[in-house]
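Student: Please take one part of this model and look at it closely. I would like to know how its residues are placed and what lies against them.

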Amino acid sequence: MQSLIIWDVKKLVAVNLHQIVQVDSAMSIKAYYAGHVLGAAMFEIRVGQQSVVYTGDYNMTPDRHLGAAWIDKCRPDLLITESTYATTIRDSKRCRERDFLKSVHETVEKGGKVLIPVFALGRAQELCILLESFWERMNLKAPIYFTTGLTEKANHYYKLFVDWTNQNIKKTFVHRNMFEFKHIKAFDQSYMKEPGPMVVFATPGMLHAGQSLNIFKAWASCERNIVIIPGYCVQGTIGNKVLSGQKRIEINHKVIEVKMQVQYMSFSAHADAKGIMQLIRMCQPRHVMLVHGEAEKMEFLHSKIEQEFGVPCSYPANGETSIVQSCPPIPVDVSACLLKRQASLRSQYFSAPVAKRPMYNRPLSAVVTLDPERGSRPRIVSLDEASKALSIRAHDLRFTSSVSLPSQSAVSGLSAVQDELENDLRKWCPGQVVERTGPSGLSVGDISMEIKGAQGENGQAAAAANGSRLAVSWPCQAGDTATQLLRLLRERYAVTT
């Protein structure tokens with residue numbers, strides 16, 4: 001077994017944060033800071049135009065020794081995220097730290113012992129820094145210990161890799177390494193039965209085995225003592241049973257009476273529900289998959305994600321195969337002529353007053369062309385370019401509507417009505433070309449208008465009572481602008497047909 005592990009370790013490749021590792025011509029991997037523990041990273045795996053982000057464990061809240069997780073707006077096809085605290089929103093970190101220090105201080109002042117079950121990496125260092133600074137500030141004498149082994153080794157690596165810690169640790173590193181603790185010493189088995197107050201950090205964090213369980217069994221019967229559980233405990237573990245309020249717990253066929261105080265204070269380095277939503281907002285995935293959580297809680301979070309972000313979300317069970325549909329982007333070339341035309345329209349749009357801009361936000365009208373023989377990628381060209389290339393005449397499909405003009409407009413004559421309409425159009429459409437097209441016509445870009453009604457001598461209306469109407473015609477690509485113009489015209493003249 002050892003030889004296999006050594007053989008596997010030789011295959012490992014160290015990756016820096018934000019470094020893009022090109023595995024082959026199509027596949028690349030990029031690492032992002034996860035903030036969970038020292039060295040934790042989220043990975044984006046990209047193959048061609050498709051990508052997946054796998055978070056592992058991460059934390060979106062900075063703490064005393066690590067920064068918050070961060071990822072750019074990479075828009076993956078799939079985000080696979082942990083959901084340990086899918087329905088939890090943690091309270092203020094300062095309040096939790098204050099309550100934690102108060103409980104520890106009150107217990108040691110009364111001569112009691114404090115057991116803090118932790119995992120070797122992450123929360124142990126976080127809480128050690130917190131107690132170290134508190135002991136220094138309060139000049140307390142009660143000893144603080146951490147169990148030797150993994151925690152001691154972890155502290156050694158924290159000293160080596162200060163670059164992975166937060167800015168506060170980096171700033172003070174020149175004067176003092178925050179992981180060289182003055183008040184915290186290594187724990188010895190013989191200290192377990194010594195009288196007097198003490199604080200002990202012991203692994204593992206769920207009280208299911210190891211040194212933390214041994215100390216719990218030794219101290220559980222004393223009411224002055226306290227166990228503070230700072231992290232998640234899986235159902236069925238001793239930690240979970242203690243937190244659920246059980247006072248008689250069977251361990252190795254022996255019943256333990258739990259008289260010591262029990263407190264849960266979440267210092268977990270997992271993202272809560274708010275943090276998970278924040279990560280989704282940052283990377284903007286097209287699909288979300290929840291893992292590493294409880295089914296009922298994941299079901300609740302899944303509905304919140306679909307409701308807030310409008311993206312599909314799934315939470316497959318262990319062993320279940322999940323198929324995720326993706327829509328990879330298709331690269332295309334765009335005609336320079338078309339781009340220049342759109343740039344001109346955009347320039348007109350931004351030269352107009354802000355209040356009038358919606359009038360000129362025109363959709364792009366173009367044609368996608370393919371040339372299978374050349375094997376070139378799709379090209380977007382203007383309608384005129386496509387017609388010329390195919391040697392065909394483009395069909396001009398136009399839509400028509402009308403606006404009734406009041407009877408007094410007919411009395412005043414065509415010329416006056418035309419003048420009035422021209423002034424209105426120039427006011428509504430600054431930056432657009434407004435032209436007269438004959439004695440009764442006007443045009444605004446691709447939109448044409450014609451005043452129609454019974455005419456008599458000198459342009460006067462023969463049937464003033466019937467009024468006249470304005471016929472408006474536009475091509476498909478000018479539909480949005482025409483709709484808004486019709487609305488303004490009808491509001492202006494207050495008569496419709």
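A close look at one helix

Tutor: In helix 6, which spans residues 210–219, the buried residues (under 20% relative accessible area with a 1.4 Å probe, protein chains only) are Ser212, Leu213, Ile215, Phe216 and Trp219. Because these residues cover an arc of only 165 degrees around the axis, they lie on the same side of helix 6; the arc is taken from the directions from the helix axis to the C-beta atoms. An α-helix has 3.6 residues a turn, so residues three or four places apart point the same way.

The model is predicted: local features need pLDDT of at least 70 and side-chain atom pairs pLDDT 80 or more, while totals for chains, interfaces and linings use all residues. Numbering starts from 1 along each chain as its sequence is written, and side-chain values use heavy atoms, without hydrogens or water.

The cover over the buried residues of helix 6 includes helix 7 (238–243) together with strand 6 (113–117), strand 8 (184–187), strand 9 (198–202) and strand 11 (248–251). Contact here means heavy atoms within 4.5 Å. Helices (H or I, at least four residues) and strands (E, at least two) are DSSP runs numbered from the N terminus.

As for the setting, the protein has 14 helices and 23 strands. Of its 497 residues, 42% count as buried. Among contacts between residues at least 6 apart in sequence, 69% join residues at least 24 apart. The accessible surface of the protein comes to about 27500 Å², and 53% of that belongs to carbon and sulfur atoms; accessible areas come from the Shrake-Rupley method with a 1.4 Å probe, and for residues only the protein chains shown count as cover.

Terms used
Buried < 20%, exposed > 50% of the residue type's maximum accessible area, 1.4 Å probe, protein only.
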